[in-house]
Amino acid sequence: MSRWRPPAPASTPIITREGFERLRAELDELWRVRRPEVVKALAAAAAEGDRSENAEYTYRKKQLGEIDRRVRYLSKRLEKLKVAEGRPADTSAIFFGAWFELENAASGELARYRIVGPDESDGARGWISVDSPLARAALKKRVDDEFEVQLPGGVAQFVVVSVSYEPPDTD
């Protein structure tokens, strides 16, 4: 049995302006602040002598590798991303960047979501990736439209309650 796995499907290279700025700030902070600190700590640990039994040295090498890996990823990803600016011409339908509220047809529960790029999705905030099944099913829907989507827990039916391109007061 091999360990080969098919490559993950490519994520959509789109992002909101806020998400792009957040990733750029993370890259800047990693490169200008955290990496120099870790390099300095690594040099100090290396100066202590025998590296084979030096836990601090091993830890700092691993930490530096993780930072460098994230810096490489962010550098390449930021070049490929396209920032979605402005609003769509039809603001009554759900498109990228929209905040929308759905009612679960079976339970009557309300949930608020925002469609964002895969690099900025955050389940706790209700920000779902444009590549997710729920976002794909909700695209182009309007208030009072009903739709069905296959979720990991099974098929669910939703009704669109509201659509907005203005941030909600609670966010």
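**Group meeting: a walk through the model**

Okay, let's start with Ala111, which is partly exposed, at a relative accessible area of 26%. Before I go on, keep in mind that this is a predicted model. Ala111 sits in strand S4. If you skip its neighbours within four places in sequence, Ala111 is in contact with Phe100, Glu101 and Leu102. There's also a long-range pair to look at: Ala111 and Val161 are 50 residues apart along the chain, and their C-alpha atoms are 9.5 Å apart in space.

Now follow that contact over to Phe100. Leaving out residues up to four places away in sequence, Phe100 touches Ile94, Ala111, Arg112, Tyr113, Arg114, Ile115, Ile128, Ala138, Ser162 and Val163. So which residues touch the most other members of the largest nonpolar core? They are Ile94, Phe100, Leu102, Ile115, Leu134 and Phe147, out of 20 residues in that core. As for where the core comes from, strand S3 (99-104), strand S4 (110-116), helix H3 (133-138), strand S6 (146-151) and strand S7 (154-164) each put in at least two residues. And there's a second core, separate from that one, with 16 residues, including Phe20, Leu23, Leu27 and Leu78.

Next, the helices. Gln63 is in helix H2. Is Gln63 buried or exposed? Gln63 has a relative accessible area of 13%, and the cut-off for buried is under 20%, so Gln63 counts as buried. Its side chain does have a polar partner, though: the side chain of Arg60, at 2.8 Å. Further away in sequence, beyond four places, Gln63 is in contact with Arg34 and Val38.

Then there's Asn54, in the loop between helix H1 (17-46) and helix H2 (55-80). This one is a loop residue, but Asn54 is buried because its relative accessibility is 8%. What does the side chain of Asn54 reach? It gets to the backbone oxygen of Ala45, at 2.8 Å. On the H2 side of things, a polar atom of the Asn54 side chain lies 3.1 Å from the backbone nitrogen of Tyr57. Outside the four-place window, the contacts of Asn54 are with Ala45 and Glu48.

Let's swing over to another loop, the one between H3 and S6. Lys140 is in that loop, and so we get to backbone angles: phi of Lys140 is near 70°, which is positive, in a residue that isn't glycine. Asp144 is found in the loop between H3 and S6 too, and Asp144 has a positive phi of about 75°, again without being a glycine. On the accessibility side, Lys140 is exposed at 62% relative accessible area, and Asp144 is exposed at 63%.

Last stop, for anyone thinking about docking grids: the largest pocket. The space in there comes to about 380 Å³. Its lining has 18 residues, and Thr16, Ala84, Gly86, Gly97 and Arg114 are the closest to the centre. Strand S1 (14-16) and H1 each supply at least two of the lining residues. How do the lining residues divide by type? Eight are nonpolar, three are polar and seven are charged. Arg114, by the way, has come up already: it's among the residues touched by Phe100, and here it's one of the lining residues closest to the pocket centre.

That's the tour, so over to you.

Key. Residues are numbered from 1 along each chain as its sequence is written. This is a predicted model: local features need pLDDT of at least 70, side-chain atom pairs count only at pLDDT 80 or more; totals for chains, interfaces and linings use all residues. Side-chain values use heavy atoms; hydrogens and water are left out. A nonpolar core is a set of buried Ala, Val, Leu, Ile, Met, Phe, Trp, Tyr and Cys residues joined through side-chain atoms within 4.5 Å. Buried means under 20% relative accessible area, exposed over 50%, partly exposed in between (1.4 Å probe, protein chains only). Helices (H or I, at least four residues) and strands (E, at least two) are DSSP runs, numbered from the N terminus. Contact means heavy atoms within 4.5 Å. A polar contact is a pair of N or O atoms within 3.5 Å; within protein, one must be able to donate a hydrogen and the other to accept it, and residues adjacent in sequence count only if both atoms are side-chain atoms. On a 1 Å grid over the protein atoms alone, a cavity is a set of points where a 1.4 Å probe fits but cannot get out, and a pocket is an open set with protein on both sides within 12 Å along at least five of seven lines; lining residues have an atom within 4 Å of a point. Grid points are joined across faces, edges and corners, and a volume is the space filled by probe spheres set on the points. Ala, Val, Leu, Ile, Met, Phe, Trp, Tyr, Cys and Pro count as nonpolar, Asp, Glu, Lys and Arg as charged, and the others, Gly among them, as polar.
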